[in-house]
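This report describes the packing, ring pairs and charged contacts of one protein structure. The sequence and the structure are shown below.

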Amino acid sequence: ATVAAGHSEEVVGFDITEEQLKVKVLEIAPYVREFVATYWGAGDAEAMSTYNSRDDVKVKVLSIDAVEEEIVSPALGLSGHIDVTMLAEVINGKERFKALVPLELKTGRKQEIRPDHTAQLSLYTLMLRSGHGTNQGAGVSGAAAGGVLLYLNGDDWKASYVAPTVKEIKTLMSQRNDLASNILSSEKVIEAQAGVAAKDGQGWRAGLPPVDEDKTAFNCTTCFSRNECSIYKKLEIESEGEARIWLKDWVEGKTDHLSPDHLKYFKEWDRLLDLELSETSGLDRINALIEESVDREAKTKKSASRLKYAFEEESAASWKDGEEVLLRFER
(Lines give C-alpha, C1' and ligand atoms only; values in the text may rest on other atoms or scores of the structure.)
Protein backbone atom coordinates (compact mmCIF):
# COMPACT_ATOMS: atom_id res chain seq x y z
CA ALA A 1 0.00 0.00 0.00
CA THR A 2 2.88 2.37 0.79
CA VAL A 3 4.50 1.70 -2.59
CA ALA A 4 1.21 2.25 -4.43
CA ALA A 5 0.45 5.50 -2.57
CA GLY A 6 3.89 6.89 -3.28
CA HIS A 7 3.63 6.14 -7.00
CA SER A 8 -0.07 6.67 -7.64
CA GLU A 9 0.50 8.51 -10.95
CA GLU A 10 2.53 5.63 -12.37
CA VAL A 11 -0.06 3.08 -11.18
CA VAL A 12 -2.81 4.95 -13.04
CA GLY A 13 -0.62 5.36 -16.12
CA PHE A 14 0.20 1.64 -16.25
CA ASP A 15 -3.50 0.76 -15.93
CA ILE A 16 -2.98 -1.68 -13.04
CA THR A 17 -4.65 -1.98 -9.67
CA GLU A 18 -2.99 -1.69 -6.27
CA GLU A 19 -3.48 -5.44 -5.77
CA GLN A 20 -1.72 -6.22 -9.06
CA LEU A 21 1.15 -3.96 -8.05
CA LYS A 22 1.39 -5.77 -4.72
CA VAL A 23 1.67 -9.13 -6.50
CA LYS A 24 4.50 -7.81 -8.71
CA VAL A 25 6.42 -6.44 -5.71
CA LEU A 26 6.06 -9.68 -3.75
CA GLU A 27 7.30 -11.67 -6.75
CA ILE A 28 10.72 -10.00 -6.72
CA ALA A 29 11.06 -9.43 -2.95
CA PRO A 30 12.76 -12.82 -2.29
CA TYR A 31 15.44 -12.06 -4.88
CA VAL A 32 16.10 -8.64 -3.36
CA ARG A 33 16.74 -10.46 -0.07
CA GLU A 34 19.13 -12.84 -1.85
CA PHE A 35 21.11 -9.91 -3.27
CA VAL A 36 21.31 -8.33 0.19
CA ALA A 37 22.39 -11.64 1.78
CA THR A 38 25.12 -12.07 -0.86
CA TYR A 39 26.65 -8.60 -0.94
CA TRP A 40 25.70 -7.02 2.40
CA GLY A 41 26.90 -8.70 5.55
CA ALA A 42 29.78 -9.36 7.89
CA GLY A 43 31.75 -11.47 5.39
CA ASP A 44 34.25 -10.54 2.71
CA ALA A 45 33.46 -8.84 -0.58
CA GLU A 46 31.82 -11.19 -3.07
CA ALA A 47 32.62 -11.58 -6.76
CA MET A 48 30.27 -9.88 -9.22
CA SER A 49 30.04 -10.33 -12.97
CA THR A 50 31.43 -7.42 -14.97
CA TYR A 51 30.66 -5.59 -18.20
CA ASN A 52 33.51 -4.19 -20.32
CA SER A 53 36.13 -4.93 -17.66
CA ARG A 54 39.19 -7.14 -17.85
CA ASP A 55 39.67 -7.25 -14.07
CA ASP A 56 37.68 -9.32 -11.61
CA VAL A 57 35.46 -7.20 -9.36
CA LYS A 58 34.29 -7.93 -5.83
CA VAL A 59 31.72 -5.84 -3.97
CA LYS A 60 30.63 -5.54 -0.35
CA VAL A 61 27.80 -3.14 0.50
CA LEU A 62 28.52 -1.24 3.74
CA SER A 63 25.46 1.02 3.95
CA ILE A 64 22.72 2.73 1.94
CA ASP A 65 23.50 6.39 1.33
CA ALA A 66 20.25 7.33 -0.45
CA VAL A 67 17.16 5.86 -2.14
CA GLU A 68 15.64 7.41 -5.29
CA GLU A 69 18.13 10.25 -4.95
CA GLU A 70 17.58 13.23 -7.23
CA ILE A 71 21.00 14.09 -8.57
CA VAL A 72 21.87 17.20 -10.58
CA SER A 73 25.17 18.04 -12.26
CA PRO A 74 25.21 21.59 -13.70
CA ALA A 75 28.77 20.95 -14.89
CA LEU A 76 27.61 18.08 -17.10
CA GLY A 77 24.16 19.47 -17.82
CA LEU A 78 22.53 16.29 -16.54
CA SER A 79 19.98 15.32 -13.91
CA GLY A 80 18.24 12.11 -12.89
CA HIS A 81 17.05 9.84 -10.08
CA ILE A 82 19.31 7.02 -8.88
CA ASP A 83 17.37 4.03 -7.54
CA VAL A 84 19.89 3.31 -4.75
CA THR A 85 23.19 4.98 -3.84
CA MET A 86 25.36 2.59 -1.81
CA LEU A 87 28.53 3.03 0.18
CA ALA A 88 30.49 -0.06 -0.77
CA GLU A 89 33.90 -1.65 -0.57
CA VAL A 90 35.06 -2.44 -4.11
CA ILE A 91 37.98 -4.68 -5.09
CA ASN A 92 38.82 -4.05 -8.74
CA GLY A 93 41.88 -6.01 -9.78
CA LYS A 94 44.66 -4.86 -7.44
CA GLU A 95 42.72 -1.80 -6.22
CA ARG A 96 40.71 -1.90 -2.99
CA PHE A 97 38.68 1.13 -1.91
CA LYS A 98 35.48 2.42 -0.32
CA ALA A 99 33.26 4.57 -2.54
CA LEU A 100 29.72 5.58 -3.42
CA VAL A 101 28.27 3.19 -5.99
CA PRO A 102 24.99 3.74 -7.89
CA LEU A 103 22.62 0.78 -8.24
CA GLU A 104 19.86 0.58 -10.83
CA LEU A 105 17.01 -1.93 -10.57
CA LYS A 106 15.64 -3.43 -13.79
CA THR A 107 12.71 -5.81 -14.09
CA GLY A 108 11.61 -7.97 -16.99
CA ARG A 109 11.75 -11.50 -18.31
CA LYS A 110 15.18 -11.21 -19.93
CA GLN A 111 18.13 -10.52 -17.68
CA GLU A 112 20.47 -9.40 -20.44
CA ILE A 113 22.57 -6.25 -20.17
CA ARG A 114 21.24 -3.70 -22.66
CA PRO A 115 23.02 -0.63 -24.08
CA ASP A 116 20.34 1.77 -22.80
CA HIS A 117 20.68 0.33 -19.30
CA THR A 118 24.47 0.68 -19.28
CA ALA A 119 24.19 4.20 -20.73
CA GLN A 120 21.79 5.28 -17.96
CA LEU A 121 24.00 3.81 -15.22
CA SER A 122 27.15 5.29 -16.77
CA LEU A 123 25.66 8.79 -16.72
CA TYR A 124 24.65 8.34 -13.08
CA THR A 125 28.22 7.25 -12.33
CA LEU A 126 29.55 10.40 -14.02
CA MET A 127 27.18 12.62 -12.05
CA LEU A 128 28.16 11.01 -8.73
CA ARG A 129 31.84 11.48 -9.50
CA SER A 130 31.20 15.08 -10.54
CA GLY A 131 29.40 15.82 -7.28
CA HIS A 132 31.39 13.73 -4.78
CA GLY A 133 34.81 13.54 -6.39
CA THR A 134 36.89 10.45 -7.14
CA ASN A 135 38.92 10.24 -3.94
CA GLN A 136 38.94 6.57 -3.02
CA GLY A 137 41.68 6.49 -0.43
CA ALA A 138 42.60 7.58 3.09
CA GLY A 139 39.14 6.66 4.37
CA VAL A 140 37.46 9.39 2.29
CA SER A 141 34.65 8.10 0.12
CA GLY A 142 34.38 9.58 -3.33
CA ALA A 143 32.41 7.88 -6.09
CA ALA A 144 33.45 4.70 -7.85
CA ALA A 145 34.17 4.53 -11.58
CA GLY A 146 31.32 2.04 -12.02
CA GLY A 147 27.89 1.04 -10.79
CA VAL A 148 25.68 -2.01 -10.35
CA LEU A 149 22.85 -3.18 -12.60
CA LEU A 150 20.49 -5.46 -10.67
CA TYR A 151 18.07 -7.42 -12.86
CA LEU A 152 15.03 -8.89 -11.11
CA ASN A 153 12.04 -10.95 -12.19
CA GLY A 154 9.81 -13.60 -10.65
CA ASP A 155 12.31 -16.38 -11.40
CA ASP A 156 15.82 -15.14 -10.60
CA TRP A 157 18.19 -12.18 -10.18
CA LYS A 158 21.48 -11.07 -11.72
CA ALA A 159 23.91 -8.36 -10.63
CA SER A 160 26.61 -6.88 -12.88
CA TYR A 161 29.27 -4.23 -12.26
CA VAL A 162 29.38 -1.72 -15.13
CA ALA A 163 32.29 0.73 -15.55
CA PRO A 164 32.10 2.92 -18.68
CA THR A 165 35.18 3.28 -20.88
CA VAL A 166 36.53 6.67 -21.97
CA LYS A 167 35.19 6.06 -25.49
CA GLU A 168 31.70 5.30 -24.14
CA ILE A 169 31.72 8.44 -21.98
CA LYS A 170 32.66 10.60 -24.98
CA THR A 171 29.85 9.06 -27.05
CA LEU A 172 27.27 9.57 -24.29
CA MET A 173 28.21 13.20 -23.76
CA SER A 174 28.11 13.82 -27.51
CA GLN A 175 24.58 12.40 -27.64
CA ARG A 176 23.64 14.51 -24.63
CA ASN A 177 24.84 17.65 -26.43
CA ASP A 178 22.86 16.76 -29.57
CA LEU A 179 19.73 16.27 -27.46
CA ALA A 180 20.28 19.55 -25.59
CA SER A 181 20.69 21.37 -28.91
CA ASN A 182 17.33 20.02 -30.15
CA ILE A 183 15.62 20.97 -26.89
CA LEU A 184 17.05 24.50 -27.10
CA SER A 185 15.71 24.80 -30.64
CA SER A 186 12.32 23.63 -29.39
CA GLU A 187 12.29 26.35 -26.72
CA LYS A 188 13.00 29.02 -29.34
CA VAL A 189 10.03 27.80 -31.38
CA ILE A 190 7.83 27.92 -28.28
CA GLU A 191 8.95 31.46 -27.42
CA ALA A 192 8.38 32.69 -31.00
CA GLN A 193 4.91 31.16 -31.21
CA ALA A 194 3.72 31.64 -27.61
CA GLY A 195 1.52 34.58 -28.62
CA VAL A 196 -0.25 32.52 -31.28
CA ALA A 197 -0.56 29.58 -28.88
CA ALA A 198 -2.21 31.77 -26.25
CA LYS A 199 -4.61 33.14 -28.85
CA ASP A 200 -5.89 29.92 -30.38
CA GLY A 201 -5.41 27.66 -27.37
CA GLN A 202 -3.14 25.22 -29.17
CA GLY A 203 0.01 23.92 -27.50
CA TRP A 204 3.38 24.17 -29.20
CA ARG A 205 5.53 21.10 -28.59
CA ALA A 206 8.45 21.19 -30.99
CA GLY A 207 9.60 17.60 -31.39
CA LEU A 208 12.91 15.83 -31.71
CA PRO A 209 13.95 14.21 -35.02
CA PRO A 210 11.29 11.72 -36.21
CA VAL A 211 11.56 8.05 -35.35
CA ASP A 212 12.31 5.61 -38.18
CA GLU A 213 9.29 3.45 -37.50
CA ASP A 214 10.30 0.70 -39.93
CA LYS A 215 13.41 -0.05 -37.90
CA THR A 216 12.16 0.51 -34.37
CA ALA A 217 9.04 -1.66 -34.05
CA PHE A 218 10.78 -4.01 -31.64
CA ASN A 219 12.64 -1.23 -29.79
CA CYS A 220 9.45 0.78 -29.21
CA THR A 221 7.49 -2.15 -27.82
CA THR A 222 10.30 -3.05 -25.37
CA CYS A 223 11.50 0.47 -24.47
CA PHE A 224 11.44 1.45 -20.78
CA SER A 225 9.74 4.77 -21.70
CA ARG A 226 7.02 3.17 -23.83
CA ASN A 227 4.17 4.07 -21.44
CA GLU A 228 4.99 7.79 -21.31
CA CYS A 229 5.94 7.99 -24.99
CA SER A 230 2.74 6.26 -26.13
CA ILE A 231 0.65 9.14 -24.71
CA TYR A 232 2.55 11.72 -26.76
CA LYS A 233 2.24 9.53 -29.84
CA LYS A 234 -1.50 9.17 -29.20
CA LEU A 235 -1.85 12.96 -29.26
CA GLU A 236 0.15 13.15 -32.50
CA ILE A 237 -2.02 10.52 -34.17
CA GLU A 238 -5.18 12.37 -33.15
CA SER A 239 -3.93 15.75 -34.39
CA GLU A 240 -2.13 14.61 -37.54
CA GLY A 241 -4.04 11.40 -38.32
CA GLU A 242 -0.94 9.62 -39.63
CA ALA A 243 0.96 6.63 -38.29
CA ARG A 244 2.15 3.25 -39.47
CA ILE A 245 -0.42 0.52 -38.85
CA TRP A 246 1.68 -1.40 -36.33
CA LEU A 247 2.47 1.75 -34.38
CA LYS A 248 -1.13 2.98 -34.35
CA ASP A 249 -2.41 -0.39 -33.11
CA TRP A 250 0.32 -0.54 -30.46
CA VAL A 251 -0.38 3.01 -29.24
CA GLU A 252 -4.12 2.31 -29.04
CA GLY A 253 -3.39 -0.79 -26.98
CA LYS A 254 -1.27 1.21 -24.53
CA THR A 255 -3.67 4.17 -24.19
CA ASP A 256 -7.17 2.74 -24.64
CA HIS A 257 -7.85 3.14 -20.89
CA LEU A 258 -7.42 6.94 -21.18
CA SER A 259 -10.55 8.96 -21.91
CA PRO A 260 -10.64 12.09 -24.15
CA ASP A 261 -10.76 14.18 -20.96
CA HIS A 262 -7.54 12.51 -19.74
CA LEU A 263 -5.79 13.31 -23.03
CA LYS A 264 -7.08 16.88 -23.07
CA TYR A 265 -5.80 17.44 -19.51
CA PHE A 266 -2.41 15.92 -20.37
CA LYS A 267 -2.08 18.13 -23.48
CA GLU A 268 -2.89 21.30 -21.54
CA TRP A 269 -0.59 20.31 -18.68
CA ASP A 270 2.25 19.59 -21.13
CA ARG A 271 1.73 22.96 -22.84
CA LEU A 272 1.81 24.70 -19.46
CA LEU A 273 5.21 23.14 -18.72
CA ASP A 274 6.55 24.35 -22.07
CA LEU A 275 5.33 27.90 -21.52
CA GLU A 276 6.67 27.92 -17.97
CA LEU A 277 10.06 26.77 -19.25
CA SER A 278 10.13 29.49 -21.90
CA GLU A 279 9.64 32.16 -19.22
CA THR A 280 12.55 30.96 -17.10
CA SER A 281 16.18 31.92 -17.67
CA GLY A 282 18.89 29.26 -17.87
CA LEU A 283 20.36 30.21 -14.47
CA ASP A 284 16.95 30.10 -12.80
CA ARG A 285 16.40 26.60 -14.17
CA ILE A 286 19.64 25.36 -12.65
CA ASN A 287 18.85 26.98 -9.28
CA ALA A 288 15.37 25.45 -9.32
CA LEU A 289 16.87 22.00 -9.88
CA ILE A 290 19.45 22.40 -7.13
CA GLU A 291 17.07 23.83 -4.51
CA GLU A 292 15.15 21.31 -2.42
CA SER A 293 11.38 21.36 -2.90
CA VAL A 294 10.87 21.82 0.85
CA ASP A 295 12.99 24.98 0.70
CA ARG A 296 10.90 26.36 -2.16
CA GLU A 297 7.77 25.57 -0.16
CA ALA A 298 9.06 27.48 2.87
CA LYS A 299 9.93 30.53 0.74
CA THR A 300 6.88 30.79 -1.49
CA LYS A 301 4.16 29.28 0.75
CA LYS A 302 2.54 28.19 -2.52
CA SER A 303 3.36 24.50 -2.70
CA ALA A 304 3.33 21.39 -0.55
CA SER A 305 6.12 18.92 -1.23
CA ARG A 306 6.56 15.19 -0.71
CA LEU A 307 2.89 14.40 -0.35
CA LYS A 308 1.24 11.02 -0.93
CA TYR A 309 -2.39 10.62 -1.89
CA ALA A 310 -4.12 8.72 0.93
CA PHE A 311 -6.49 6.75 -1.28
CA GLU A 312 -9.56 5.24 0.37
CA GLU A 313 -11.19 2.65 -1.86
CA GLU A 314 -14.49 2.66 0.03
CA SER A 315 -15.08 6.39 -0.42
CA ALA A 316 -13.96 6.33 -4.06
CA ALA A 317 -16.53 3.68 -4.91
CA SER A 318 -19.32 5.98 -3.73
CA TRP A 319 -18.28 9.03 -5.78
CA LYS A 320 -20.83 10.43 -8.20
CA ASP A 321 -20.42 12.70 -11.22
CA GLY A 322 -20.59 16.37 -10.26
CA GLU A 323 -20.21 15.62 -6.55
CA GLU A 324 -17.66 17.50 -4.46
CA VAL A 325 -15.13 15.13 -2.91
CA LEU A 326 -12.57 15.79 -0.17
CA LEU A 327 -9.21 14.20 -1.00
CA ARG A 328 -6.68 13.60 1.75
CA PHE A 329 -2.90 13.79 1.30
CA GLU A 330 -0.20 12.97 3.83
CA ARG A 331 3.57 13.23 4.07
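How many aromatic pairs does the structure hold? In this predicted model, the count of aromatic pairs is 5.

One of them joins F35 and Y39, whose ring centres are 5.3 Å apart with the planes at 45°, so this pair is classed as tilted. The two residues are 4 positions apart in helix 3, which means that about one helical turn separates them. F35 is buried, at 7% relative accessibility, and Y39 is likewise buried, at 7%. The pair Y232 and F266 is edge-to-face, with 5.1 Å from centre to centre and 70° between the planes. Because Y232 lies in helix 7 (residues 226-240) and F266 in helix 9, this pair ties together parts that are 34 residues apart in sequence. Ring pairs also link F35, Y39 and W157 into a cluster.

**The contact between helices 7 and 9**

F266 belongs to helix 9, which spans residues 260-278. With 17% relative accessibility F266 counts as buried, whereas Y232, at 25%, counts as partly exposed. Leaving aside residues up to four places away in sequence, F266 touches I231, Y232 and L235. The C-alpha atoms of F266 and I231 are separated by 8.6 Å, although the two residues are 35 apart along the chain.

**Nonpolar cores**

The largest nonpolar core comprises 23 residues, and those with the most contacts inside it are F35, Y39, M48, V148, W157, A159 and Y161. At least two residues of this core come from each of helix 3, strand 2, strand 3 (78-92), strand 4 (95-107), strand 5 (147-152) and strand 6 (157-162). Another core, of 13 residues, lies apart from it and includes L78, L100, M127 and L128.

What does V148 touch, not counting residues up to four places away in sequence? The contacts of V148 are M48, M86, V101, P102, L103, E104, L121, A159, S160 and Y161.

**A nonpolar patch on the surface**

V32, V36, W40, I64 and V67 make a nonpolar surface patch of about 400 Å². Helix 3 (18-39) and strand 2 (57-73) are the elements that give two or more residues to this patch. V67 is found in strand 2 and is exposed, with a relative accessible area of 59%.

**Salt bridges**

The model contains 3 salt bridges, which are listed here with the distance between the closest N and O atoms.

| Basic residue | Acidic residue | N to O distance |
|---|---|---|
| R96 | E89 | 2.9 Å |
| R114 | D116 | 2.7 Å |
| K234 | E252 | 2.9 Å |

The partners are covered to varying extents. R96 is exposed, at 53% relative accessibility, while E89 is buried, at 14%. D116 is partly exposed, with a value of 26%, and R114 is also partly exposed, with 28%.

Is K234 buried or exposed? K234 has a relative accessible area of 9%, and it therefore counts as buried, the cut-off being under 20%. Its partner E252 is partly exposed, at 28%. K234 lies in helix 7 and E252 in helix 8 (residues 245-255), so this salt bridge ties together parts that are 18 residues apart in sequence. Helix 7 thus holds both K234 of this bridge and Y232 of the edge-to-face ring pair.

Terms used. Residues numbered from 1 in each chain as written. Predicted model: local features only at pLDDT ≥ 70, side-chain atom pairs only at ≥ 80, totals over all residues. Heavy atoms only, no water. Buried < 20%, exposed > 50% of the residue type's maximum accessible area, 1.4 Å probe, protein only. Contact = heavy atoms within 4.5 Å. Patch = residues over 30% accessible without salt bridge, like charges linked within 9 Å, V, L, I, M, F, W, Y side chains within 5 Å. Areas by Shrake-Rupley, 256 points an atom, 1.4 Å probe, with all protein chains shown as cover. Salt bridge = Lys/Arg side-chain N within 4 Å of Asp/Glu carboxyl O. Core = buried A, V, L, I, M, F, W, Y, C linked by side-chain atoms within 4.5 Å. Phe/Tyr/Trp six-rings, centres within 6.5 Å; stacked < 30°, edge-to-face > 60°.
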